[in-house]
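Take a look at the protein shown here. This report walks through its domains, its ligand site and a few single residues.

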Amino acid sequence: MNGVLRPLPRFLEILCVSLWLLPSGVQALQTGDLVENFRLLDQKGSSHELYRYADAKAIVVLVQGNGCPIVRNVMPAFRAIRDTYAKQGVDFMMLNSNLQDTQAAIAREATEFGYDLPILKDQTQLIGEALDLKRTGEVFVINPLTWSVVYHGAIDDRVTYEHQRPAANNRYLANALDDLIESRPVKVAHAPAKGCLINFPSKTAITAQTKFTYTRHVAPLLKEQCVTCHREGGIGSWSMTGYDMVRGFAPMIREVLRTQRMPPWHADPAHGHFANDRSLTADQVRMLVSWVETGAPRGEGADPLAEDSRQWPEWSLGEPDVVIEIPEQAVPATGTIDYQYLVIRNPIGRDVWVRAAEIIPGDRKSLHHVITNFGVPTADGQFDRAQSGSLGGYVPGGKADVFPEGTGVFLPKDAIFRPQMHYTTWGKAGVDRSRLGLYFHENKPTHALKTTVFINSDIRIPPRTREHWEQAERTLEKDVWLYTLLPHAHYRGKASEFRAYYPDGTEEMLLSVPNYDFNWQTTYELKAPKYLPAGTRIVHRTAWDNSVTNPANPDPNREVPWGEQSWDEMLFGALTWRYVTDEEKKLRAATVAQAQGE
Ligand code: HEC
């Protein structure tokens, strides 16, 4: 050797690259391997995050697939084990990574065969691939103290293809659980499992994964879906300014996708279509994760993010018609701050119809939310109900409130603003100078936008409960067009939904948020307004997680009542809507009659 680094011969280079590119799943899963966190929806639309089961003695996951005789056959044994060991603190669930099984089909199979366990749907197949699944019918036992697999394989040795013994000779799963509960090493950590083969197309076609590059695939998607927040001055915790930055965060990108933390969007896609939907498709998630897992290659060409020259104006809708300065608020370094209700004079001097409003927070770190209430004060200092309202507000991650086409909020000349300001301290004192920008209609819009709220202030959330539901309901007196839905709870909020019960006896889920996250107070904007006839009963339900495994829970030992502060709870929902006009009603009646005549 002459000391000069010579390039590897071509064939060796190819060999090295292809070994390095093998996805982790190609190496068979061993007991002792770490199971990384993930979040999935089950057949009923409930959300499950693996690491939220940290207080279990063990977590057992059975790989399920519709139509597989082996799975159907082992279910009675599995349920019997569940009945015994659930009492000892073991959690049981199933996982479906089949390409061909939809959430609805899994729900049908579960009903038909009486599966009373959550079946987690692995929509992207990423979780099944990481667990190196080959067949359904296999069980995994995970030790939550280490998040490692302590047993995987068959439940027992009773069932095989087209044969079954009357009884099992080896009760692998039960033995493994006994060992784990007694803190003994698991004696038999693996036994071959029988079941139906699962098709993982991208795993067999490794080359299909390796074609993803940053410049061609990843950066254009990030530019569309992430950069609005992940840029200088945006609310994201880091800026996607180019390849080096994104590559550095690549493992974190994989993690936030697996746990569905990013992009922040919490509605179950099975119900409703929303204009502000931030979610990625299963293919987009697969692409990003495959790119990370194959070494986050850059690819050829210019860097689309470094070249991103888009201007991000301070006001997302351009200069407002009027800017209202919210008086300075000093925020201390620590402690709790009661809700502030400020009184601000209205400088506009005339009646206006507001078409949009935006709040630019002064101190993003401490300003938790603003609700822009206004009203015309009466002699006793209260607001005249008929002349009061709300112009939306500010929440982290929120954007300008643009009222739906043809609608507006009437702001009388004599109204004053009385915003509700909520600050949280974060270790450093500061001063908040937020501003409210308003955009007016030139002419009176056709419709007034209305808000209906759902409140249940009698809630009592028992201590140490994983899921406690309460509800509030309202019945519509007239036909309305529904535009937006907002669920609101605090640190313990777990899931929330709005359901419509129509006068004809049918019902519909308008919005389901199976994974409620206090950090994201999203207003869900329907893609097309929804017609709700008079007599429709709308039920707003919320569940709270007051257990120790809720990382946001300030005190699991407390019975939690209603309260404005975040350590108390709220069941609060808001809908925006407008009345259906008589003409629209006639038109609708005619179309319905026509449809029935056909
Ligand atoms: C609506 C704004 C918004 C969008 C859109 C968004 N993010 Fe984020 N992202 C945030 C915020 C805010 C944080 C900080 C969260 C926190 O502190 O918990 C964050 C954090 C992250 C993190 C770091 C995780 C951590 O622990 O802080 C990653 C990685 C990430 N985002 C990736 C993405 C990707 C990839 C996309 C697009 C597919 C995306 N984000 C879209 C707002 C956003």
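## A term to start with

A polar contact is a pair of N or O atoms within 3.5 Å. The model is predicted. In it, a nitrogen atom of the ligand is 2.8 Å from an N or O atom in the side chain of H230. An oxygen atom of the ligand is 3.4 Å from an N or O atom in the side chain of R261.

## Domains

The domain assignment splits the protein into domain 1 (29-203), domain 2 (205-293), domain 3 (322-448) and domain 4 (450-585). Between the C-alpha centres of domain 1 and domain 3 there are 51 Å.

## Around the ligand

Which residues come nearest to the ligand? They are C226, C229, H230, I235 and M262, out of 19 residues around it. Sorted by class, the shell has 13 nonpolar, four polar and two charged residues. Helix α10 (residues 250-258) gives the largest share of this shell, with three residues.

## The iron atom

The ligand holds an iron atom, and its protein donors are H230 (NE2) and M262 (SD). These donors lie 2.0 to 2.3 Å from the iron. The site has six donor atoms, with angles of 84 to 178° among them. Its geometry is octahedral.

The two protein donors link distant parts of the chain. H230 sits in the loop between α8 (214-225) and α9 (243-248). M262 sits in the loop between α10 and α11 (282-293). Along the chain, H230 and M262 are 32 residues apart.

Are these donors buried or exposed? Buried means under 20% relative accessible area. H230 has 10% relative accessibility, so H230 counts as buried. M262 has 27%, so M262 counts as partly exposed.

## T215 in helix α8

T215 lies in helix α8. Its relative accessible area is 9%, so T215 is buried. What does the side chain of T215 reach? It reaches the backbone oxygen of E300, at 2.7 Å.

## R537 in strand β31

R537 is part of strand β31 (residues 537-544). Its relative accessibility is 31%, so R537 counts as partly exposed. R537 and R499 are 38 residues apart along the chain. Their C-alpha atoms are separated by 8.3 Å.

Terms used: Residues numbered from 1 in each chain as written. Predicted model: local features only at pLDDT ≥ 70, side-chain atom pairs only at ≥ 80, totals over all residues. Heavy atoms only, no water. Domains from an automatic or database assignment. Near = heavy atom within 4 Å. Polar contact = N/O pair within 3.5 Å; in protein donor to acceptor, adjacent residues only side chain to side chain. Helix = DSSP H or I, 4+ residues; strand = E, 2+ residues; numbered from the N terminus. Nonpolar A, V, L, I, M, F, W, Y, C, P; charged D, E, K, R; others polar. Donors = N, O, S within 2.8 Å, 3.2 Å for Na, K, Ca; no water. Tetrahedral: all angles 85-135°; square planar, octahedral: opposite > 155°, others 65-115°. Buried < 20%, exposed > 50% of the residue type's maximum accessible area, 1.4 Å probe, protein only.
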